[in-house]
Each structure stands twice: as C-alpha cells, then as structure tokens.
Amino acid sequence: MAPSSAQAPGPPTGPPTASGATGAGRPGELPAVHDALVGVALPALAVSARHGQLTGAGLEGVYLSGRRLLSRCVLRVAGREPVPLQGRSTGADRAEFLGVVRTPADTGPDPGLTVERSREADGTERITLRSSAARTVRLPVEIALGTDLADLGAVAAGRSGPELSASVHGTGLRWTGPDGSATAVTADPPPSDALAAAGLLRWEVDIAPAGSFVLTLRVRAERTARHPGAAGGRPGGHIVADAVAEGDDPRLGELLRASIDDLRALLQRDPAHPAGVHLAAGVPWRCGPVTAEALWAARMALPLGTRLAATTLHALARTQLRGTGAESGRIPGPRRDAGPHLPPRCTGVEATLAFPAVLAEARRWGLPEQDLAELLPTAERCLEWLRGALDDNGFVQESGPAGPARAETQAHAHRAAELGADLLDACGRPGADAWREWARALRERFRRRFWLDDPSGGRPALARTPDGRLLPYLGGWAGHLLDTGLTAAGRHAPGLLDKSQTERLARLLAAPALDSGWGLRGLGAKEPGYNPFGHRSGAVRVHETSVAVAGLAAAGYETEAAALLRGVLDAAAAFGHRLPEMYAGERRTSGSLPVPHPAACRPAAVAAAAGVQLLTVLVGVRPDAPGRTVALHPLRSAPLGEVRLSGLRVAGEPFAARVGRLGLGMVEEAAPGLQLGV
C-alpha cells in the first residue's frame, strides 16, 4: 500500500486495513499502533516506539509514499543504549524522546549524560548529548542503521523481508532495493568511521562539563513528493485556517490546535492532479484516493474555510461514473464493514449522497461562485442517480437487490434531497420543488416503516429487509437521523423523524447502553453482537458522536448534547488531545481512562474534524454567506463556561465569536456587510 497514492482496500467484513495486510497470517489482523508515536506530514510518516529507538519491530520506521526508507536506527553511547525516560508527540509531525546514559565517569547512582532526540515525520532526527560530569568525557557514539525498503502493506502483514546490504555514501550510508529504489542517511557532523557491512556510523566525542554534542541525521529517497502545505508559511495554512479557541476550559484550545495540526498533516495530493488536495482518511492504514471520510471531514471542517471542501469535492467529481446506465452519477468507493448485523456497506453511495449536501453547506459558509458553478453539474448527476436508486419499498439500499435498506443511508438520502433542492433553487436550476416533495415522501415512509413501537416509546430500526422485517439493533449510527443540514438564514432542514420520535431518540442516545461516558458506542451494550472493540459493533467512533452532538443541539436537546460533548472532550485529554478514529466502548467509571483500540488510525480525518465541529456547535455558528447573515445559537447552558473562537472563516473573511458564562453569544469579527441573524 502506498499511503499517498493507493487506497488501502481492506477486507469488506473488517475494519479498514493496509493493502494485503493480514497480520501474522490471520485475515484482517493488523499490528498494534495505539501506543506508537506517529509523526505525519504526508506523504511522509515516522512510526516510533516510546523509547525512541527504531528497531524494525512492527511498523517502526520512516516511510515515504508507503515505502519504509528506514527501519532501524539504534543509538549507543559508551556501548550502552540510553535508558528511556519519556517519549511524547510534540506536534502532528514530530516526536521527542528523553533518556539517560551512565558513563565511566559516573561514580555514584546518578547518570551524568542526558540524551535528547527529536524525530520528524520525514526522518530528520536531531540527537543531543548533554553532560553533567565534572570533567571532560570522551565517549564513543554509534548508530546502527538498516532498512528493507518494504511497502507498508508488506510490513503490516509481517512480510517485509530481510534488511538490505548498505554501502558507504557521502557522510552516511545508502541502500538500493531489487526494484532500483534507493534511500540514504546522511550525518552531520560526518562520522569518524562508517562500516557498511554492519550498518554502523561511529564518532569519538569529547564533551566538556555542562557541554553538549549535537548530531543530525537526514533520510532521503531518490524522489520526494512535495507536501501540499509546504509552500510558504505553516503547512496547510492556505487550506485550513489558523483558528484559536480560548476560554474557561483550556482543553478547548488544545483540542482545536491538535485538530488543525492533524488535518494539515493528513493533506495529500492527487498524483494525477497535482493541484488537487484532499485528506487521507487516516494514518497508518488509510492514505489512498479520496474517500467518503475525506468528504465528511471536509464538511465538519468548513468553519476553517471552504477550500478543503472545494478541493475534496473536485477530487470526487473526477471519479463520478458517467453514461446512461443505472450507475450513472454514482461516485465509486470500496465496501466497508457495517457491523455484525448487516452486509458490507458501499462508501461510494455514501459519498454520492453526501456530495450535494456538502456543496450546499459549503455555499452557506462562503464557497466561491466559480467552484460552485464547476461542481453543480456533478451534484445534479448525484441527485439523478438518487432518483433511480429507490427499491420497491421506496428506500435507498446499497447492498444489491436482496440487501437491506439501512436507516443511516435514508438519512443521507433525505439530507441530499433537502439540501440539493436548496442548491438548485439558489443556482436557478429546475427541480427544487420536486426534490422537496421527494424528501417529504421519504420522511413519511421512514416514520411509518422504520420505527419500532414498544411500551417505552419505541426506537428506530437499524435496517429494513426487502420483505419488511426490521432489524432492531440500536447504535451510534442513529445520530445521523438528527443530522438534517444547514439551509438559509442559519436554519436547519426538516428532520427525518417527527417531534416525538426525535425526543425519544434523544433519550436513547443519552442512556448508558449507548453513551459509554466517553462517547457513543457503535452498537449498544445490550445488543446482540456487542463488542467494545468492534469497529461498528461497540467501539466509540468519534465522528458519530460529534454528529449526534450537533444534531441534538440543533433539535434543542442541549443537556444530552452537552453530556456527550464533555465525554469526548475528556477522552481527547486522555489521548493528548489527538483523537483516534475510535476507541473501546468500555463503560466509564470513577478514575478510569478511555481504552485505546489497538489498530485505530491516529490521526484520522473524521476524528480531527470532529474536534472542529464540536467547538463550532458549542458556540453555535450558523452562517449564510449568500444571504450576508450569520446566526449564533450557542449551547445556552454554557456547559464549559466562557468560550471564544477566532480565526474561523465565514464568507471568505476572518470570523470570531464569544459565548459568555450565561450562554449569550456575541460576534467580535466578521466580513464587512455580514449581519447578525436570528
């Protein structure tokens, strides 16, 4: 698998995986990465253990475009490896390590040499040795290097192969693979000795009292792809805005900062269209062509500007199927696991239904007219595909004629119709009234045929089979039923559920069976097939919880929204504010921490963008750039005290708003002529 150029297809019945990755001979098995420190600046990434040494174990190494350039980088000082004391991420693209070494000059129990290492995503490493000895010490320093130049998929599958033979090259070593690919490591200062057969670089170092020695290693390949944010200033600043969160709870600022860093780190170019930029779905497994996850993430990140949404929509538009058949207008995509009770779902259908909705919302945030004009035909073809996609019962299903119709898919279809109608009206195109009627009819059918009545008030069904049987399994997916979409003047589109059904669903989402205390479980704890680590069968998927928070807040259920928001915020703090795509659905108890999923992507596009969406919901920003208004609908209970967001983008200009401790919102900066809506 090549993280910058090839989608990891993954098995249809399991979580997304690297191409060909089957772990230790077991289908779907992946190496654990939950405790790794992953630096990302795609197409480069570095996977390090917390001790800082690269040993070649598991996924450890420096990668470029899916190829492992360096698998081993082991430091020894005076014949000893440093005692590891601390390893931590200091940004999306770097990690730092601290250790100590006892030298022959140390006579007591206290080590006299501190070892500091800083490793960037592209493999550049700065090693600093600091001496506390009372006299000058002479120390032998050596670094053992090695690589297999293996693809990430082969590494994940345990099929990386033996290390290659090295040759001395300049101030370091060089390796050449059987396919002609090559990588080199250079050192500054140059080593006093280089042993190609052993892969060793050696120095003899004199360090004075309170002195230091600094060594820099650089890893390079024969060809290097340019990172999409590398041109000028902070990476990705022209695509993802430099927003800032401040307030009574300092964790909000940390979450937004980490979310923006992760989004920028995940930016990658389309090799066939170098001007096109989109998000990788997640590292290390999901770094291929543009996906539905990239589009959902771009939607949630609209407060940071419309450029990411525009480039993502353009990338998907280039893949849309053309012609006159039943598939014409659909955006292709791989099938993914849908949990224990459903066949694999088609992510292409998800992207097709999301396209017109995201385009319509991007327009509300200030998408330039040129982008709108270029993307509108693709949105119209998506709607035309939807018109012909209903089964005999009047629902959309993506699993073949005999497959069930999923409730979540109906929510996506309903939103596409409502916001698609809004888009057609705004652009003077015909068909808007017909799509509103289509959406109204779908609402009526859904409320009658997807709702399971019971004495406690009922629940929505997970899916409906062609013969009318309802699958009653409740999970975090139900949050999508409350996601209606943004329309004119900051209003939300009509909901798929009626008022009493919405109220009942709000109560269910807040109940302990679904709310783990850290977020919503993908499948309720009382449902058959529940697995706290299951990708769609019990793990907390951050994206789903964020969607539910936004939907609950829009429907007026602020208590439930605030409880879920606090749970994710607490989980984020435990993960260093860098949210993984999912974590275990284990019940939160006093003094407990969220349990990581061993194979979860981190960073992940939808998880990083969820941090942006959650803070936007907290302040309640609802723009209508074409109508020259922006409304504020903050959570009136101000569950996290005073909050200020600045550096957002509305109508192409900086936007800032504050919510006080009494829940009252105030716009502090906005585009000229933008009026406060209601």
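**Strand pairing, burial and backbone exceptions in a predicted chain**

Strand E26 (residues 463-464) pairs with E27 in the antiparallel sense over two bridges. Within that pairing, Arg464 has Leu470 in E27 as its bridge partner. Both strands belong to an open sheet of three strands, ordered E23-E26-E27, with antiparallel pairing. Its edge strands are E23 (405-406) and E27 (470-471), each of which pairs on one side only.

The model is predicted. The chain has 12 helices and 35 strands. For 678 residues, a compact globule would have a radius of gyration near 26 Å, and the chain agrees with this because its own value is 26 Å. Along the principal axes, the C-alpha atoms of the chain fill a box of roughly 80 × 55 × 50 Å. Of the 678 residues, 59% are buried. The accessible surface of the chain comes to about 25,000 Å², and carbon and sulfur atoms account for 51% of that surface. Among contacts in the chain with a separation of 6 or more, 62% are between residues 24 or more positions apart.

Ala609 in helix H12 (residues 605-619) gives one instance of a contact across a long stretch of sequence. Its C-alpha atom is separated by 5.5 Å from that of Met300, although the two residues are 309 residues apart along the chain. Apart from neighbours within four places in sequence, Ala609 is in contact with Leu263, Ala297, Met300 and Ala301. Ala609 has a relative accessible area of 0% and is therefore buried, the cut-off for that class being under 20%.

Strand E10 (residues 125-131) shows burial at the level of a whole element. Five of its seven residues are buried, so E10 is largely enclosed by the rest of the structure. Strand E9 (residues 113-120) runs antiparallel to E10 and is joined to it by seven bridges. In this pairing Arg117 stands opposite Ile127 in E10. The hairpin of E9 and E10 has four residues between the strands, and Gly123 in this hairpin takes a positive phi near 95°. E10 also pairs with strand E17 (residues 212-221), again in the antiparallel sense, over six bridges. Here Arg130 stands opposite Ser212 in E17.

The surface offers a contrasting case. Val83, Leu85 and Leu98 form a nonpolar patch there, with about 250 Å² of accessible area together. Leu85 is found in strand E7 (residues 83-91). Its relative accessible area is 54%, and Leu85 therefore counts as exposed, a class that begins over 50%. In a regular strand the side chains alternate between the two faces of the sheet.

Several backbone features remain, beginning with two cis peptide bonds. One joins Leu42 and Pro43, with omega of about 15°, and Pro43 has its place in the loop between strand E1 (37-41) and strand E2 (44-48). Another joins Asp188 and Pro189, with omega of about 5°. Pro189 is in the loop between strand E14 (182-188) and strand E15 (193-195).

Positive phi values also occur outside glycine. His577 has a positive phi of about 70° and lies in the loop between helix H11 (558-574) and strand E29 (582-583). With a relative accessible area of 14%, His577 is buried. Ala651 likewise has a positive phi, near 60°, and its place is in the loop between strand E32 (643-650) and strand E33 (653-659).

Technical notes: Residues numbered from 1 in each chain as written. Heavy atoms only, no water. Buried < 20%, exposed > 50% of the residue type's maximum accessible area, 1.4 Å probe, protein only. Pairing = 2+ DSSP bridges. Patch = residues over 30% accessible without salt bridge, like charges linked within 9 Å, V, L, I, M, F, W, Y side chains within 5 Å. Areas by Shrake-Rupley, 256 points an atom, 1.4 Å probe, with all protein chains shown as cover. Salt bridge = Lys/Arg side-chain N within 4 Å of Asp/Glu carboxyl O. Rg over C-alpha atoms; globule rule 2.2 N^0.38 Å. Contact = heavy atoms within 4.5 Å.
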